[in-house]
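Colleague: Got a few minutes to walk me through this one? I'd like to ask questions as we go.

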Amino acid sequence: MDQPPQRQAIKRPGALLFDMDGTLTVPIFDFDAIRRDIGVPEKQPILETLAKMTPRERAAAEVILHRHEERAASQSSLNSGCDRLLEWVRSHRLKSALITRNRLVNVQTVLARHDLQFDVVISREDGQFKPHPQPLYTACKRLGVSHDEAWMIGDAVFDVRAGRAAGIKTVWISHRQPRDFAEEPWRTVNDLGELLTLLCGCVS
Ligand SMILES: [Mg+2]
């Protein structure tokens, strides 16, 4: 009699590359409100639209954007399961990076507020940002891992696009919402607890 197909064991990653806002922290950004406030058309990416503005328009828009970002960082709370997940990462000596489109000052606020540490932090001051694959390659290089050993973990289309462009396995955190973009992540989990379950089931 035919046996049911066995699920192939997944190899434990050599490093985890985390998005910050909405992935580690509870998603509180109202991107539509930010777009409205700074005059970015509906559904357009904010940073990329700012880059096309005149210097004067851009400076005015950045004041508003920075205010939203700073407030979100200073009021941030961690997603359920974040502490347990990061404790597991530490206890298994997995390398970790934080890769965000946010600014370094806000990363520092979030890390200090929740007493978090990552081996590598890449913010938008570091050059090209997600969905460009470069920050993922930079993180792997600085962590000393090959890109095919790493997993990208994120809640947004930018994370999935960047991961796919870099050829890095990408786990999309859905927060139990339907996917509203076309790009297929490697895996989808509802939350950080499910991500930990996935990691615990990996073979070393
Ligand atoms: Mg995010």
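Modeller: Sure, and one term up front: buried means under 20% relative accessible area, exposed means over 50%, and partly exposed is what lies in between. Keep in mind that this is a predicted model.

Colleague: Let's start with helix H4, then. Which residues of H4 are buried, and which element outside the strands do they pack against?

Modeller: H4 spans residues 82-91, and its buried residues are Cys82, Leu85, Leu86, Trp88 and Val89. They cover an arc of only 155 degrees around the axis, so they sit on the same side of H4. Their packing partners are E1, E2 and helix H8 (192-200).

Colleague: What does the face of H4 turned away from its buried side carry?

Modeller: In general, an α-helix has 3.6 residues a turn, so residues three or four places apart point the same way. On the face of H4 turned away from the buried side, the exposed residues are Asp83, Arg84 and Arg90.

Colleague: And which residue with a positive phi follows H4?

Modeller: Look just past the helix for a phi near 55 degrees. The residue there is Arg93.

Colleague: On to H6. Why can we say that its buried residues line one face of the helix?

Modeller: H6 covers residues 134-143, with Pro135, Leu136, Ala139, Cys140 and Leu143 buried. Seen down the axis, these residues line one face because they fall within an arc of 140 degrees.

Colleague: What do those buried residues of H6 pack against, and what is exposed on the face turned away?

Modeller: The buried residues pack against E1, strand E2 (95-99), strand E3 (120-122), E4 and H7. Turned away from that buried side are the exposed residues Lys141 and Arg142.

Colleague: Cys140 caught my eye. How far away is the nearest cysteine sulfur?

Modeller: A search of the whole structure finds zero disulfides. Cys140 is in none, and the nearest cysteine sulfur belongs to Cys202, at 16 Å. Cys202 is in no disulfide either; for Cys202 the nearest cysteine sulfur is that of Cys200, 8.5 Å away. A disulfide needs the two sulfurs within 2.5 Å, and for Cys140 the distance is 16 Å.

Colleague: Is Cys140 buried or exposed, and what about Cys202?

Modeller: Cys202 has a relative accessible area of 8%, so it counts as buried. Cys140 has 3% relative accessibility, so it is also buried.

Colleague: Now the strands. How many of the residues of E4 are buried, and which ones are on each side?

Modeller: In a regular strand the side chains alternate between the two faces of the sheet. In E4, Ala150, Met152 and Gly154 are buried on one side, and Trp151 and Ile153 on the other. For the strand as a whole (residues 150-154), the buried count is five of five.

Colleague: Which strands does E4 pair with?

Modeller: E4 is joined to E1 (residues 15-18) by four bridges, running parallel, and there Phe18 stands opposite Ile153. Four bridges also connect E4 with E5 (residues 169-173), again in parallel, with Met152 partnered by Thr170. The paired strands are thus E1 and E5.

Colleague: What about E2: how does it pair with E1 and E3?

Modeller: Four of the five residues of E2 are buried, so this strand is largely enclosed by the rest of the structure. Ala15 stands opposite Lys95 in E2, while Leu98 stands opposite Val121 in E3. E2 and E3 are joined by three bridges, E1 and E2 by four, and the pairing is parallel.

Colleague: Which β-α-β units does the model contain, and what is their handedness?

Modeller: One unit consists of E2, helix H5 (residues 104-114) and E3. Another is built from E4, helix H7 (residues 157-166) and E5. The handedness given for these units is right-handed.

Colleague: Last one: which residues are the protein donors of the magnesium ion?

Modeller: The donor residues are spaced D-x1-D-x133-D in sequence. Asp19 lies in the loop between E1 and helix H1 (31-38), and Asp155 in the loop between E4 and H7, 136 residues apart. Asp19 is buried, at 7% relative accessible area. At 2.1 to 2.2 Å from the ion, the donors are Asp19 (OD), Asp21 (O) and Asp155 (OD).

Methods. Residues numbered from 1 in each chain as written. Predicted model: local features only at pLDDT ≥ 70, side-chain atom pairs only at ≥ 80, totals over all residues. Heavy atoms only, no water. Buried < 20%, exposed > 50% of the residue type's maximum accessible area, 1.4 Å probe, protein only. Helix = DSSP H or I, 4+ residues; strand = E, 2+ residues; numbered from the N terminus. Pairing = 2+ DSSP bridges. Right-handed = clockwise from strand over helix to strand, strands pointing away. Donors = N, O, S within 2.8 Å, 3.2 Å for Na, K, Ca; no water. Arc of directions from axis to C-beta. Contact = heavy atoms within 4.5 Å.
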